[in-house]
Amino acid sequence: MEVRDVRKTYHLPRGQTLKAVDGISLSVMPGEVLGLVGESGCGKSTLGRCLLRLTDVSSGQILFEGQDITHLSERALRPLRQQMQMVFQDSYASLNPRRRIGDLLAEPLKVHPGPDGRKRSRATIAARLHELMDLVSLPAAALDRYAHEFSGGQRQRINIARALALSPRLVVADEPVSALDVSVQAQIVNLFADLQARLGLTYVFVAHDLAVVRQISTRVAVMYLGAVVELGETDAVLHRPAHPYSAALTAAVPRPVVGAVRAAPLGGDIPSPVARPAGCRFHTRCPFVQGRCRTEEPALRRIGPSHSVACHFPLAEG
Ligand SMILES: Nc1ncnc2c1ncn2[C@@H]1O[C@H](COP(=O)(O)OP(=O)(O)OP(=O)(O)O)[C@@H](O)[C@H]1O
């Protein structure tokens with residue numbers, strides 16, 4: 001997937017505009033896991049929804065396997081919907097409480113034709129449902145039960161099974177473990193990793209803390225106030241963060257990261273995205289702010305073969 005200068009602006013009452021996604025460019029390579037991190041409200045979910053065209057983008061371009069999908073109609077998007085799926089944070093809200101899990105999982109299989117272009121038979125659907133339960137390590141008996149009969153972790157397994165029903169190539173997981181107990185989080189992250197390896201999936205994995213992203217991501221994009229401020233391989237961003245904001249996030253990870261720049265915990269609140277600061281969007285909270293940062297917005301620039309940062313005075317090079 002190729003994302004070019006994508007923007008999503010919300011128009012609020014009283015004529016205010018909120019730039020939830022403010023000019024993001026990045027690519028997601030086949031088979032990789034791109035972690036998307038940042039504090040609440042920085043635009044991670046909005047970007048995830050833009051990628052899958054679950055919301056319209058205000059400007060920019062999104063290409064999926066070379067095809068420009070930015071303005072495709074819902075009808076034209078339909079065959080592509082099978083290839084791109086989303087797993088949401090709230091496992092309960094996304095499962096209709098009145099329907100059996102088997103019915104919920106069968107729905108996409110009934111709506112979309114099979115790989116041969118024909119409607120799937122009942123037997124094919126039944127076999128696929130068993131396969132899906134197997135993939136997410138739930139017993140087949142779960143198909144006859146209702147969402148409320150499961151724990152949060154089990155419900156998230158069901159959501160993952162539903163996302164995988166049509167054998168997508170790209171999965172956007174929007175904070176899929178944030179609502180779970182810590183011990184269950186690790187199991188679900190492991191399940192994502194295992195499925196990725198077995199099925200050759202590509203993920204955009206949204207999380208608000210680096211500890212989760214570190215477990216699973218190939219590369220990490222750090223977002224702040226609607227923009228990507230650092231993008232690079234997970235190890236580089238975690239061990240040699242170049243942006244003061246990434247450094248602060250790294251410092252907040254409970255387990256110490258050996259050799260990481262230790263920055264002081266971040267002070268101050270995130271500025272309102274309605275009134276974004278001039279110059280560098282992070283300058284109001286940056287412990288290293290200088291004059292230029294207040295007036296001139298730093299572009300995302302390369303500091304290594306696959307490491308970019310939007311900072312006039314990066315903490316690390318390469
Ligand atoms: N439908 C909407 N109308 C107006 N503003 C919105 C809408 N959806 C999101 N926003 C705003 O856009 C900004 C980005 O929100 P988004 O949910 O994408 O952030 P996030 O990083 O995913 O946060 P969280 O982790 O809390 O979900 C926030 O300021 C939010 O209030």
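Axes are lines fitted to C-alpha atoms, for helices over the stretch in contact, and angles run from 0 to 180 degrees between N-to-C directions. Helices (H or I, at least four residues) and strands (E, at least two) are DSSP runs, numbered from the N terminus. The structure on your screen is a predicted model, in which local features need pLDDT of at least 70 and side-chain atom pairs count only at pLDDT 80 or more, while totals for chains, interfaces and linings use all residues. When you select residues, remember that they are numbered from 1 along each chain as its sequence is written.

**First stop: two helices**

Select helix H5, residues 152-164, together with helix H6, residues 182-199, and you will see two helices that pack at an angle of about 15°, with their axes 10 Å apart. That angle makes H5 roughly parallel to H6, a label given to angles under 35 degrees. Now show the residues of the contact, which are Gly152, Gly153, Gln156, Arg157 and Ile160 on H5 and Val184, Gln187, Ile188 and Leu191 on H6; two residues are in contact if their C-beta atoms, placed from the backbone, lie within 7 Å.

**Second stop: the sheet**

Next, select the strands of the open sheet, eight in number, which follow the order S6-S7-S8-S3-S9-S10-S12-S11 with mixed pairing; two strands pair if DSSP finds at least two bridges between them. At the edges stand strand S6 (84-87) and strand S11 (301-304), each of which pairs on one side only. On average, neighbouring strands of this sheet are turned by 20° against each other, direction ignored.

Keep S6 selected and add strand S7, residues 170-174, because here you can follow a parallel pairing over four bridges. One bridge to look for joins Met84 to its partner Leu170 in S7. Returning to H5, you will find that this helix packs on the sheet, where it touches S6 and S7, and that its direction makes about 170° with that of S6.

**Third stop: helix H1 and the ligand**

Select H1 and turn the model until you can see this helix lying across strand S3 (33-37), S6, S7, strand S8 (202-207) and strand S9 (219-224), running at about 155° to S8.

Finally, select the ligand and the 13 residues that surround it, of which the closest are Tyr10, Ala20, Ser40, Ser45 and Thr46; a residue is near a molecule if its C-beta atom, placed from the backbone, lies within 6 Å of it. Strand S2 (17-27) and helix H1 (44-51) are the elements that give two or more residues to this shell, and the largest share, three residues, comes from H1.

Terms used. Parallel < 35°, antiparallel > 145°, perpendicular 65-115°, else oblique.
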